[in-house]
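Q: I would like to learn how to read the features of a structure, one at a time. Could we go through it together?

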Amino acid sequence: MRVAVVGGGVAGALLAWRLRRERADVVVFAGEPVPSDASAASGGLVRGFETDPAAAADAAASLAELRADDDLLEWTGYREIGSVHLSSGVDPTASLAVVDAALPGSATVVTGAELARRFGFRDVADDTVGVVERHAGHLSPARLREHALKWSAGNGVEVRHERVAEVSAGPSVRPANGSAEGFDAVVVAAGAWTPRLVEHGGTLRTKQIQYGLHRLELPCRSGFVDDVTGLYGRPHGDGLALLGLGCERWDVDPAQVTPDDDLAARVADVARRRFGLAAEPVAPERVVASFDCYRTPAGLRLDHVGDGVFTFTGGSGGAAKTVLAASRRAARELVGA
């Protein structure tokens, strides 16, 4: 089976790696490196728990595979610092069972009082559910991508640094400076560029993602996701914290993304109030503005969109958590089709 993977981000690179391990003949159209793409810019938070049990299954399976594989640990630069997840009015039972099956003893539910005492969260409502994980942390999606492409190139995968102009049913790929070439299957895993290359029925949209490096000493020394306020972050070292909130700039042009200064200021304000820090208006030392592909429904999975054409995108800003499990499933679906 000869497969073209269009896109050299973490999703495309991991899919090519999986496909080659399944004995497929693979060509990757990786394009030219983009310093600000989602894989390069990601904060790389990984954990097992998600409020949706299906998402938790992929996240927990990915983290379990990562922690058990010395090569993946090296490829990702994984650092285990733990994780805290806050949500409101959610029953975590089903997701906790999924996490415990993959990462026994890692996740526990904590009370609002514990969230305040152990991690410094303020104004925690009575219906807040806190989930603390020992086996969680952060990694570098850019480093994982680099190593997966390097392994693939050394093991029979043709990696072409060409930009793709057109993907057609049939299926075929036409590079910007070449003629169309046919394949048994074409998978478009080009992140924010995917909606431009395939018909997708409105299920894919581009969205800006952004975080800042703030000189704030947070009492929480783990990675955290606070679904109540939308704040997420982790320690970044040297007195800095990586912090972000969801950005509402939709349908952005990847070539035209610029930092949202109002959002950066709002992030700092939410963090100060959530952790009871002194209200000193200090601008972030760095703002990272990027873009990603968001999918309806959310989740990184293989979708058939035409005659021999598939997409593998829509991690919705969180592909780093699930890409190992999602790429394994997608490769097996393709090879078995």
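A: Yes, and please keep in mind that this is a predicted model. We can begin with a pair of strands: β4 and β8 (residues 137–138) run antiparallel and are joined by two bridges. Within this pairing, glutamate 80 has glycine 137 in β8 as its bridge partner.

Q: In what order do the strands of that open sheet stand, and which of them are at the edges?

A: The order is β3-β8-β4, three strands with antiparallel pairing. β3 (45–46) and β4 (79–80) each have a single partner strand and therefore stand at the edges, with one side of each left without a neighbour in the sheet.

Q: How should I read a strand such as β14, and is it enclosed or open to its surroundings?

A: A general idea first: in a regular strand the side chains alternate between the two faces of the sheet. In this structure, β14 (residues 204–214) has 10 of its 11 residues buried, so the rest of the structure largely encloses it. It pairs in the antiparallel sense with β18 (residues 286–295) over 10 bridges, where glycine 212 has valine 287 as its bridge partner. With β17, β14 also pairs in the antiparallel sense, over three bridges, and here leucine 213 stands opposite leucine 242.

Q: Is aspartate 260 buried or exposed, and what is it in contact with?

A: Aspartate 260 lies in the loop between β17 (240–244) and α9 (261–275). Its relative accessible area is 16%, under the 20% cut-off, so it counts as buried. Apart from neighbours within four places in sequence, aspartate 260 is in contact with Gln208, Gln210, Cys247 and Arg249.

Q: Which residues have the most contacts inside the largest nonpolar core?

A: In soluble globular proteins, nonpolar side chains tend to be buried together. Here the largest nonpolar core has 49 residues, and those with the most contacts inside it are Val5, Leu19 and Phe312. If residues up to four places away in sequence are not counted, leucine 19 touches Val3, Val5, Ala24, Val26, Ala331, Leu334 and Val335. A second, separate core of 21 residues includes Leu115, Phe119, Leu231 and Phe275.

Q: At what angle do helices α3 and α10 pack?

A: The axes of α3 (residues 53–68) and α10 (residues 319–336) are 7 Å apart, and the angle is about 95°, so the two helices are roughly perpendicular to each other. Among the residues that meet are Ala55, Asp58 and Leu66 in α3 and Lys321, Leu324 and Arg329 in α10. By class, this contact has eight nonpolar, two polar and five charged residues.

Methods: Residues numbered from 1 in each chain as written. Predicted model: local features only at pLDDT ≥ 70, side-chain atom pairs only at ≥ 80, totals over all residues. Heavy atoms only, no water. Axes fitted to C-alpha atoms, helices over the stretch in contact; angles between N-to-C directions. Helix = DSSP H or I, 4+ residues; strand = E, 2+ residues; numbered from the N terminus. Parallel < 35°, antiparallel > 145°, perpendicular 65-115°, else oblique. Contact = heavy atoms within 4.5 Å. Nonpolar A, V, L, I, M, F, W, Y, C, P; charged D, E, K, R; others polar. Core = buried A, V, L, I, M, F, W, Y, C linked by side-chain atoms within 4.5 Å. Buried < 20%, exposed > 50% of the residue type's maximum accessible area, 1.4 Å probe, protein only. Pairing = 2+ DSSP bridges.
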